[in-house]
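Hi,

Here is the structure I said I would pass on. Have a look at it first, and my notes follow below.

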Amino acid sequence: MIDVNDSFGADAPVYVISVAAELAGMHPQTLRQYDRLGIVSPGRASGRGRRYSMRDVQMLRQVQRLSQEEGINLAGIKRILELEHEVDQLREQVFHLANELEAARRAVARRGRPAEGGRGGELVRRTRVTIFNTAERPDEQNPGSGPGDGPQGRGDTQG
């Protein structure tokens, strides 16, 4: 037997509403309501017909479980799904940032190693960047009252 998910992937919009409803154990009208409320939004075919993916069907099952077993209303379910989506995106971002950090650490470690037959490790240049706020501040309207204009900012020394 050919598994549609193996051929197209879990996100491929392949199921018409009647099949998706049957797979999720729901009435097609319930799926239409969830679509209108933005709880589960299927893909659309060229004729504007709804096409559900296996991931959509799994989400429909989760909505049904939250509603029936946990007693959560549709607004709460929608918020839960939004937060789960946000958490997934943040996890993915953390994954990529961790990979970038690890690559940077490896690059720094390679620079610090002594060269073969040479002397000690290379120097690593560190640069400090300061970003100034370019928005107009009240003290910019009165020249001579900003930082560096007083006796401490000019390098004057008293002694």
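How many salt bridges does the structure hold? There are seven of them, and I come back to some of the pairs further down. Keep in mind that this is a predicted model.

First, the overall layout. The protein has five helices and two strands, and reading from the N terminus the order of elements is α-α-α-β-β-α-α. Of its 159 residues, 16% count as buried. The protein exposes about 12800 Å², with carbon and sulfur atoms supplying 50% of that. As for contacts between residues at least 6 apart in sequence, 46% join residues at least 24 apart.

Now the core. In soluble globular proteins, nonpolar side chains tend to be buried together. Here the largest nonpolar core has 18 residues, and the ones with the most contacts inside it are Leu31, Ile39, Tyr52, Leu60 and Val63. Four helices each supply at least two residues of this core: H2 (17-24), H3 (28-37), H4 (54-68) and H5 (74-112). H4 gives the largest share, five residues.

Two of those core residues are worth clicking on. Leu31 sits in helix H3, and it counts as buried because its relative accessible area is 1%, where the cut-off is under 20%. Leaving out residues up to four places away in sequence, Leu31 touches Ile17, Ala20, Ala21, Met26, Tyr52 and Leu60. If you want a distance to check on your side, the C-alpha atoms of Leu31 and Val57 are 9.9 Å apart, with their positions 26 residues apart along the chain. The other one is Leu60. Setting aside neighbours within four places in sequence, Leu60 is in contact with Ala24, Met26, Leu31, Tyr34, Val40 and Tyr52. Met26 and Tyr52 therefore turn up in the contact list of Leu31 as well as in that of Leu60, and Leu31 and Leu60 touch each other.Not every nonpolar side chain is tucked away. Val16, Val19 and Leu23 make a nonpolar surface patch of about 190 Å². Val19 lies in helix H2, and it counts as partly exposed because its relative accessibility is 36%.

Next, a polar residue. Is Ser53 buried or exposed? It counts as buried, since its relative accessibility is 3%. Ser53 is found in the loop between strand S2 (50-51) and H4. Its side chain reaches the backbone oxygen of Ala10 at 3.3 Å. Not counting residues up to four places away in sequence, Ser53 touches Ala10, Asp11, Ala12, Pro13 and Tyr15.

Back to the salt bridges. Side chains of opposite charge can pair when their charged atoms come close. Here are three of the pairs:

- Asp88 and Arg91: the closest N and O atoms are 4.0 Å apart. The two residues are separated by about one helical turn, because they are three residues apart in helix H5. Asp88 is partly exposed, with a relative accessible area of 47%, while Arg91 is exposed at 57%.
- Glu70 and Arg65: their side chains meet at 3.7 Å, N to O. Glu70 counts as partly exposed at 47% relative accessibility, and Arg65 also counts as partly exposed, at 34%.
- Arg44 and Asp35: the closest N and O atoms are 2.8 Å apart. Arg44 counts as partly exposed at 37% relative accessibility, whereas Asp35 is buried, with a relative accessible area of 13%.

Which residues do salt bridges with shared partners join into one network? They are Asp35, Arg44 and Arg50.

If you only have a few minutes, I would start with Leu31 and Leu60, which touch each other, then go to Ser53 and its reach to the backbone oxygen of Ala10, and finish on the network of Asp35, Arg44 and Arg50.

Cheers

Terms used
Residues are numbered from 1 along each chain as its sequence is written. This is a predicted model: local features need pLDDT of at least 70, side-chain atom pairs count only at pLDDT 80 or more; totals for chains, interfaces and linings use all residues. Side-chain values use heavy atoms; hydrogens and water are left out. A nonpolar core is a set of buried Ala, Val, Leu, Ile, Met, Phe, Trp, Tyr and Cys residues joined through side-chain atoms within 4.5 Å. Buried means under 20% relative accessible area, exposed over 50%, partly exposed in between (1.4 Å probe, protein chains only). Contact means heavy atoms within 4.5 Å. Patches are made of residues with over 30% relative accessible area and no salt bridge: like charges are joined within 9 Å, nonpolar side chains (Val, Leu, Ile, Met, Phe, Trp, Tyr) within 5 Å. Accessible areas come from the Shrake-Rupley method with a 1.4 Å probe; for residues, only the protein chains shown count as cover. A polar contact is a pair of N or O atoms within 3.5 Å; within protein, one must be able to donate a hydrogen and the other to accept it, and residues adjacent in sequence count only if both atoms are side-chain atoms.
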